[in-house]
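User: Please take a close look at one part of this structure, the place where two of its domains meet. A connected account of that contact would be welcome.

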Amino acid sequence: MSSTGPLAASGRPPLKVAVLGAGTVGVEVLRLLTTQADDLAQRVGVPLQVIGISVRDTTKDRGPHVDPSLYVHDAHALVREADLVVELMGGIEPARTLLLESMAHGASVVTANKALLAQEGAELYETADAAGVDLHFEAAVAGAIPLVRPIRESLAGDRIQRVLGIVNGTTNYILDAMTRTGASFEDALATAQDLGYAEADPTADVEGLDAAAKAAILASLAFHSRVALQDVHCEGITSVSADDIAAARRLGSVIKLLSIVERVPGEGEVPERVSARVYPALVPTSHPLASVAEAYNAVFVEADAAGSLMFYGQGAGGAPTASAVLGDLVSVARQKVHGGKGPGESHYASLPIAPLEELRNGFYVALTVDDEPGVLADVAGTLSRHGISIATIHQEQEQTDPFEAQEEAPAPRARIGIVTHRALESAMSGALSDLSAHDAVVGVDSVLRVEGE
Ligand code: NAP
């Protein structure tokens with residue numbers, strides 16, 4: 001695994017690399033470390049030598065680029081020997097303890113572990129700072145797409161207002177399939193699982209947790225504040241129906257699972273705050289995010305001086321994610337060779353979190369109502385009492401054909417779709433509770449935000 005290029009012959013010792021995990025991403029990282037060893041040595045200044053690999057199952061065949069003689073039984077001993085540690089195990093433990101130990105022993109670390117960073121980021125950053133080592137995690141957000149470094153370094157002199165995007169490929173694949181084929185969520189998920197876009201247990205993706213972890217990381221970086229997973233309002237896509245997708249189409253929109261982190265301006269005594277949220281939303285087809293298809297990711301960053309920047313590409317997959325990991329590895333390796341340390345945590349602003357209820361959004365609301373005179377006026381009146389004004393209201397479908405209705409048949413019902421102007425989240429909660437209690441409202445079928453207008 002060591003370089004045979006000119007720098008290897010220069011006599012400078014290689015940097016010792018420990019690789020924790022050789023699954024989808026780890027195998028690709030090991031492939032690039034082997035096949036590009038000479039180029040990497042040139043770029044870093046010394047060769048990178050893999051001194052050990054930690055996995056659970058040492059009998060599994062992982063292909064030609066994973067040398068079984070490098071498997072170790074004791075990952076803790078391995079990281080104590082390493083100059084650089086690449087963590088690609090996932091999960092909280094033992095990844096957390098191994099990274100803390102690595103840094104305490106002077107190794108710089110690269111991880112793709114968004115869940116760990118969103119939950120234990122502060123502890124990891126503090127340990128890295130105390131030990132004077134680097135902690136890099138480009139692959140943790142949007143796979144191959146360079147996003148962490150642009151926010152952390154390229155835009156360090158600007159003031160970011162908002163980061164908005166699609167950062168989970170699995171849910172984008174499912175919503176895109178529902179949009180293209182009219183399939184139900186369940187059928188689109190089953191197809192995504194068959195094709196390997198969704199895991200057997202899709203919870204973290206479809207419930208929005210993966211996107212929320214990424215939102216926490218992005219908010220922390222963009223706003224120089226500590227934002228953890230529990231600070232992110234999170235709604236997944238499990239209740240998005242084929243009817244919602246069809247309604248969105250009629251409104252000239254598509255439904256996307258969005259991660260949104262933004263500054264909320266201060267008002268009077270209330271200081272400037274940060275909002276971080278993940279939910280499915282209607283996005284107009286004219287918006288660039290609407291055309292992000294299949295499992296691709298795309299993220300907009302809006303900054304005062306730079307304006308709008310868009311990042312687009314593959315947000316997951318072994319090779320794309322390995323590209324981001326290798327980029328980080330070269331960076332931290334260069335720091336080791338030349339001395340110094342890259343950017344650490346920046347949380348000087350310490351902006352508080354704005355609760356969702358205090359934000360304003362446009363909404364799409366679908367109600368099933370008894371199809372009788374005066375119902376639309378009642379619905380409009382209820383919204384108006386809560387300070388919500390309607391942009392459009394229309395009947396989406398009749399649920400019983402009135403021409404075929406018999407005397408004893410149930411009263412005809414209709415699904416109505418309402419798009420509101422921007423309104424307070426708390427006002428919409430109040431209005432929905434009143435609407436649910438209305439005699440003629442059979443049910444609130446759907447409530448989705450409208451974004452990107
Ligand atoms: P994976 O395929 O499940 O691989 C995990 C690897 O870690 C396996 O080799 C596994 O060993 C090893 N491992 C797990 N627990 C271990 C333990 N306690 N001790 C030793 N080895 C252990 O996962 P992945 O998809 O490569 O993802 C790795 C990381 O990258 C995760 O943090 C993930 O969130 C992140 N990431 C993944 C992608 C992607 O597209 N896959 C994209 C962006 C970020 P065995 O093989 O022996 O079970």
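Analyst: What follows describes the contact between domain 2 and domain 3 in this predicted model.

The chain is divided into domain 1 (8–143 + 319–338), domain 2 (154–314) and domain 3 (356–450). Between domain 2 and domain 3, the C-alpha centres are 26 Å apart. Their contact draws on 16 residues from domain 2 and 15 residues from domain 3.

Together, domain 2 and domain 3 bury about 1300 Å², and carbon and sulfur atoms account for 56% of that area. On the domain 2 side, 33% of the area buried against domain 3 is supplied by Asp244, Leu251 and Leu282, more than by any other three residues.

Polar and charged interactions also link the two domains. There are 3 salt bridges between domain 2 and domain 3. Asp244, already named for its share of the buried area, forms a salt bridge with Arg415, with 3.0 Å between the closest N and O atoms. Residue pairs in polar contact between domain 2 and domain 3 number 6, with both residues at pLDDT 80 or more.

As for secondary structure, helix H11 (242–250), strand S8 (253–264) and strand S9 (273–284) each give two or more residues to the side of domain 2 that touches domain 3. Of these, S9 gives the most, with 7 residues. Sorted by class, this side of domain 2 has 8 nonpolar, 2 polar and 6 charged residues.

How values were computed:
Residues numbered from 1 in each chain as written. Predicted model: local features only at pLDDT ≥ 70, side-chain atom pairs only at ≥ 80, totals over all residues. Heavy atoms only, no water. Domains from an automatic or database assignment. Contact = heavy atoms within 4.5 Å. Buried area = accessible area lost by both parts, 1.4 Å probe. Salt bridge = Lys/Arg side-chain N within 4 Å of Asp/Glu carboxyl O. Polar contact = N/O pair within 3.5 Å; in protein donor to acceptor, adjacent residues only side chain to side chain. Helix = DSSP H or I, 4+ residues; strand = E, 2+ residues; numbered from the N terminus. Nonpolar A, V, L, I, M, F, W, Y, C, P; charged D, E, K, R; others polar.
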